[in-house]
Amino acid sequence: QVQLVESGGGLVQAGGSLRLSCAASGRTFSTSTMGWFRQAPGKEREFVAAIRRSGTSTYSTDSAKDRFTISRDNAKNTVYLQMNSLKPEDTAVYYCAAAPLVTGKYDYWGQGTQVTVSS
């Protein structure tokens, strides 16, 4: 089992920055691909970024790649999402998820943290 707890969300003005953290419990963190997803009101949950155990990262769009940085600290069982140049359209609940090596699927999810960007 893996438990994920996100933190770092909040209210920020457009152009500002936030760093989200996701603390994981369990022994599979270091071998899991970790992802960040978000869900805006009235919209489906969407992929934002992911980082493999090797440190290789992927992003949903070029815009996300230019403004967001995903990283992980295996010693702390924590994954981060640094978000810069935030826009009102980034407003959403952000979720952390873990895809264990044995399944390759995002089997574990956190409870989410709210990010609100005001214009």
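Reasoning about buried residues, rings and charges

Mentor: Tyrosine 108 has its place in strand β10, which covers residues 108–109, and since this is a predicted model, we should treat each value as something computed from it.

Trainee: How do you know whether tyrosine 108 is buried, partly exposed or exposed?

Mentor: Its relative accessibility is 21%, and because buried requires a value under 20% while exposed requires one over 50%, tyrosine 108 counts as partly exposed.

Trainee: Which residues is tyrosine 108 in contact with, leaving aside its neighbours within four places in sequence?

Mentor: With those neighbours left aside, tyrosine 108 is in contact with Gln1, Val2 and Leu4, and also with Cys96, Ala97, Ala98 and Pro100. The C-alpha atom of asparagine 84, by contrast, is separated from that of tyrosine 108 by 26 Å, although the two residues are 24 apart along the chain.

Trainee: How many aromatic pairs does the count come to?

Mentor: The count comes to 4 aromatic pairs. One of them is formed by phenylalanine 37 and phenylalanine 47, with 5.6 Å from centre to centre and 70° between the planes. The centres have to lie within 6.5 Å for a pair, and planes over 60 degrees apart count as edge-to-face, so both values together give an edge-to-face pair. Phenylalanine 37 belongs to strand β4 (residues 33–39) and phenylalanine 47 to strand β5 (residues 46–51), so their pairing ties together parts that are 10 residues apart in sequence.

Trainee: What makes phenylalanine 37 buried or exposed, and how does phenylalanine 47 come out?

Mentor: Phenylalanine 37 has 11% relative accessibility and therefore counts as buried, the limit being under 20%, whereas phenylalanine 47, at 27%, counts as partly exposed.

Trainee: Why is the pair of tyrosine 106 and tryptophan 109 called tilted?

Mentor: The ring centres of tyrosine 106 and tryptophan 109 are 6.3 Å apart and their planes stand at 55°, which is neither under 30 degrees, as stacked rings would need, nor over 60, as edge-to-face rings would need, so the pair is tilted. Tyrosine 106 is partly exposed at 25% relative accessible area, and tryptophan 109 counts as partly exposed at 33%. Phe37, Phe47, Tyr106 and Trp109 form one aromatic cluster.

Trainee: What sits over the ring of tyrosine 95?

Mentor: The charged end of arginine 45 sits there, 4.1 Å from the ring centre, and this value fits the distance cut-off of 6 Å. Arginine 72 likewise lies over the face of phenylalanine 29, at 4.7 Å from the ring centre.

Trainee: How many residues does the largest nonpolar core have?

Mentor: That core has 28 residues, and Trp36, Leu81, Met83 and Tyr94 are those with the most contacts inside it. At least two of the core residues come from each of β3 (18–25), β4, β5, β7 (68–73), β8 (78–83), β9 (92–99) and β11 (113–118). Methionine 83, its neighbours within four places in sequence left aside, is in contact with residues including Leu18, Leu20, Phe68, Tyr94 and Val115.

Trainee: Why is the meeting of arginine 38 and aspartate 90 called a salt bridge?

Mentor: Their side chains meet at 2.9 Å, N to O, and because a side-chain nitrogen of Arg within 4 Å of a carboxyl oxygen of Asp is what the term requires, the name applies. This pair links distant parts of the chain, 52 residues apart, with arginine 38 in strand β4 and aspartate 90 in the loop between β8 and β9. Both residues are buried.

Trainee: How do you know that aspartate 90 and arginine 67 meet in a salt bridge too?

Mentor: Here the distance is 2.7 Å, N to O, which again falls within 4 Å. Arginine 67 lies in helix α1 (residues 62–67) and aspartate 90 in the loop between β8 and β9, so the pair ties together parts that are 23 residues apart in sequence. Aspartate 90 is at 1% relative accessibility and counts as buried, and arginine 67, with 11%, is buried as well.

Trainee: What joins Arg38, Glu46, Arg67 and Asp90 into one network?

Mentor: Salt bridges that share partners do this. The count comes to 3 salt bridges, among them the one between glutamate 46 and arginine 38, at 2.6 Å, N to O. Glutamate 46 is partly exposed, its relative accessible area being 37%, whereas arginine 38, at 15%, counts as buried.

Definitions and conventions
Residues are numbered from 1 along each chain as its sequence is written. This is a predicted model: local features need pLDDT of at least 70, side-chain atom pairs count only at pLDDT 80 or more; totals for chains, interfaces and linings use all residues. Side-chain values use heavy atoms; hydrogens and water are left out. Rings of Phe, Tyr and Trp (its six-membered ring) pair if their centres lie within 6.5 Å; planes under 30 degrees apart count as stacked, over 60 as edge-to-face and the rest as tilted. Helices (H or I, at least four residues) and strands (E, at least two) are DSSP runs, numbered from the N terminus. Buried means under 20% relative accessible area, exposed over 50%, partly exposed in between (1.4 Å probe, protein chains only). A charge sits over a ring if NZ of Lys or CZ of Arg is within 6 Å of the ring centre and within 35 degrees of the ring normal. A nonpolar core is a set of buried Ala, Val, Leu, Ile, Met, Phe, Trp, Tyr and Cys residues joined through side-chain atoms within 4.5 Å. Contact means heavy atoms within 4.5 Å.
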